[in-house]
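Trainee: I've got a two-chain model open and I'm not sure how to read it. Could you walk me through it?

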Amino acid sequence: MAALTTGFGRARQGGAGDPREYKAETAAGGDKLGGGGGGGDRGCSFLRKVSVPGSGGGGGGGARLRSIAGTRPSVQNGQLLVSAGLPALDQLLGGGLAVGTLLLIEEDKYNIYSSLIFKYFLAEGIVCGHTLLVASAKEDPGDILQELPEPLHDDNYKKVLDEGRSHKSQEEPEISMKIAWRYQNLPQMEAGPGTSSRFGHYYDVSKRMSQEVIQSAKWHKFFLPEEITSYANVESCALNHGYTKLLHFIQRVISEQGFDGSNPQKKQKNILRIGIQSLGSPLWGDDICCADTPEHMHSLTRFLYVLRGLLRMSLSACIITVPSHLIQNKAVTSRIRNLSDTVVGLESFIGSEKEANSLYKDYHGLIHIHQIPRLNSLICDVSDTKDLAFKLQRKVFTIERLHLPPDLSDTVSRSSKRDLVESAKQLSPGCGMMAGGKEHLDF
Amino acid sequence: MLQILASRGDLVLLRDSVEWEGRSLLKALIREVALKGEQVQVLGCEVSEEVFREGLDSDTNSRLVYHDVFRDPQGWTGNWGPLGILRACLRGAEPGPCTLAVDSLSWLLLHAPCSALCQTLRALGHDNSHPGRVRVLGLLHEDVHGPGPLGALRSLAQIEVTVGGNLGFTTAQVFHPKPRHRSIEQTYWFSILPNFSLEFHKETLLEPRPHRGPQSPTVDAMADLTFNVHLSKKEREARDTLALPFHFSSEKQQSLLHPALASSTSQIFYEPDADDYLDQEDPDDDLDI
């Protein structure tokens, strides 16, 4: 269980933890606290126990873990987090994606925006130097890697964001608030690059990542049509043939490359980022999306169960996109959600009647955070806003709070008020209070 | 309309229904493609070859390569079965851009598992011998299937054409989803002539797309009020210059720092009543006066 018990190295030392270390640090005056430090603890008869033998050079004290690039410990529960590629999404998920967990993205109807989030995750992996494992049944993983967005540097990001904001202000003039002027000073949804250190990176969607950066990345690919060359319709007992092969592949990569700590003499630890695209779609050979009563209903759920076991015992993080709008059986959808750790659903307005709704005219879709895991704690850090919408500007994918207009009484008409009520009902109870039933109480 | 269908490597789904059949549109599209000199592979499952070739001119007919499943739907003559024939359609084709018309995907869906069909269609579109240049036109009867298989095929297709009809004209609603509100959604009115050529018409007076419902009549709320809601210009200016109560402006700061200046404006006059009990003694003895 290397992944979930990482965190601060201090947590491992039992007994008199903090007071001793504080004394030792002040005594040593901030020098290197080397192993077996009898000399460092003046006035303290305890011997510092070195938990990482032979760490040598590397980083600071012998008791602290060498930090892996692109990760940071969570401030809520001490888990090791990796960025999902979008700082706004990281903020909604409670700081990032915990190492050893599974992020499930429920695809939007034409798989346009969910593949974008998938690419952000992979691009973040390349920029941080993590190893990638990309599996797909529809597109060749090499082609997916060619379409990754280009990382932006800090000063470029400010320019891009201002560009986006200036577009908006051309449409409606900025009204400074007169009575509620305190609300103007509230922070925006997305934190700028200055606030966080090298944890989340920003990307320019209109440009592609350069070839040298992609070549320098280490990645493994699993492309289903290449792995299964014969079209035998024979299905193995419990799991789909494609799923079995994928699980074997993942397990092989994890054990050979040492992500599960099996080769302790290896060099610097690294994170494995696994990305599986459109799992459960008919192209994987699974009929869960095609039939009302699928024959192998438990294929996908078994796969997720085994996959999560593999993730928990290795330093890896996984993103999966599932076309759950095609799954007819709601029980299967809720099973899939329960078997994943973090679940994010995307709903795009393309081709739906919501496109005409004036409330949604600035946005391209809604984003629903269905589930956030409770790792080693009793509560999870759920963001207080449940109404989130996203839009894909020319260069940047932004997630913003959706402000519903107030619900007025019957005598004042609003265009498509009925639609607002219906759409508000579909949102989680965060704003359900506002648009309560179709009848309004009349006093 | 054909410009939209010009892109390659795509699956184009022609959805028809009981109200309006789509086979004539399929044949019209085949004719258009064949007129450009391309060879068209046709997999015919629902009607016999003679019925399919009927109405098409000899030029088109010579460019059609027909693979017949209708003659032997169960595969008793030792063929590979419907999916096998689908895969084999492209094997004998000449290299270069190629179009494959499937007479109907519905028939294939009823005779083969949906996931296998999707995998085969995807493999066809990305065939190695015709890299990126195969276009598959599939006819699908949407009444026959449930939402599951229909949704699966729709997610696989790049372009969807829904065939309908009204007042003697055929309509085709073409939908090509793309990100950032750039999806192409267009409706064409045309009629199909007996030789399967298309004659386009201007958009007639039919209603626009049904999902944009009619606007409900708006009621003006400001009509019969007993008080004045509107502000005149002077009133608006006066309102703008008004200082808000919780603003800590410099005037307020001055008045707090120099209470002597403000004492002339407000004073408290107290006249003790007969019933008031004025006790000079302080029982707690903690006031320092």
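Mentor: Let's go through the chains, then the interface, then the cores. Keep in mind throughout that this is a predicted model.

Trainee: Okay, chains to begin with. How many helices and strands does chain A have?

Mentor: A count of elements is a handy way in. For chain A you get 11 helices and 14 strands, and for chain B 10 helices and nine strands.

Trainee: And what share of each chain is buried?

Mentor: Here you ask which residues have under 20% relative accessible area. In chain A, 48% of the 443 residues are buried; in chain B, buried residues account for 40% of 289.

Trainee: What about contacts between residues that sit far apart in sequence?

Mentor: Take the contacts between residues at least 6 apart, then ask what share join residues at least 24 apart. That comes to 71% in chain A and 67% in chain B.

Trainee: Now the interface. How many residues of each chain are in contact?

Mentor: Look at both sides separately. Chain B puts 33 residues in contact with 38 residues of chain A. Together the chains bury about 2,900 Å², with 59% of that on carbon and sulfur atoms.

Trainee: Which elements of chain B give residues to that side?

Mentor: Helix 6 (114–125) and helix 7 (147–156) of chain B are the elements giving two or more residues to the side that touches chain A. Helix 7 of chain B gives the most, with eight residues. Sorted by class, that side of chain B has 15 nonpolar, 10 polar and eight charged residues.

Trainee: With charged residues there, how many salt bridges cross between chain B and chain A?

Mentor: Don't infer pairs from a class count; look for them. The rule finds zero salt bridges across this interface. For polar contacts, the rule finds two residue pairs between chain B and chain A, both at pLDDT 80 or more.

Trainee: Last one: how do I read a nonpolar core?

Mentor: Find the members that touch the most others. The largest core has 72 residues, and the members with the most such neighbors are Ile276(A), Trp284(A), Leu307(A), Ile320(A), Leu86(B) and Leu121(B). Helix 8 of chain A, residues 241–257, gives the most to this core, with seven residues.

Trainee: Which residues does Leu307(A) touch?

Mentor: Setting aside residues up to four places away in sequence, Leu307(A) touches Leu102(A), Leu247(A), Ile250(A), Ile276(A), Cys318(A) and Ile320(A). Apart from the largest core there's another, of 48 residues, including Val99(A), Leu122(A), Ile144(A) and Ile399(A).

Definitions and conventions: Residues numbered from 1 in each chain as written. Chains lettered and ligands numbered in written order. Predicted model: local features only at pLDDT ≥ 70, side-chain atom pairs only at ≥ 80, totals over all residues. Heavy atoms only, no water. Contact = heavy atoms within 4.5 Å. Buried area = accessible area lost by both parts, 1.4 Å probe. Salt bridge = Lys/Arg side-chain N within 4 Å of Asp/Glu carboxyl O. Polar contact = N/O pair within 3.5 Å; in protein donor to acceptor, adjacent residues only side chain to side chain. Helix = DSSP H or I, 4+ residues; strand = E, 2+ residues; numbered from the N terminus. Nonpolar A, V, L, I, M, F, W, Y, C, P; charged D, E, K, R; others polar. Core = buried A, V, L, I, M, F, W, Y, C linked by side-chain atoms within 4.5 Å. Buried < 20%, exposed > 50% of the residue type's maximum accessible area, 1.4 Å probe, protein only.
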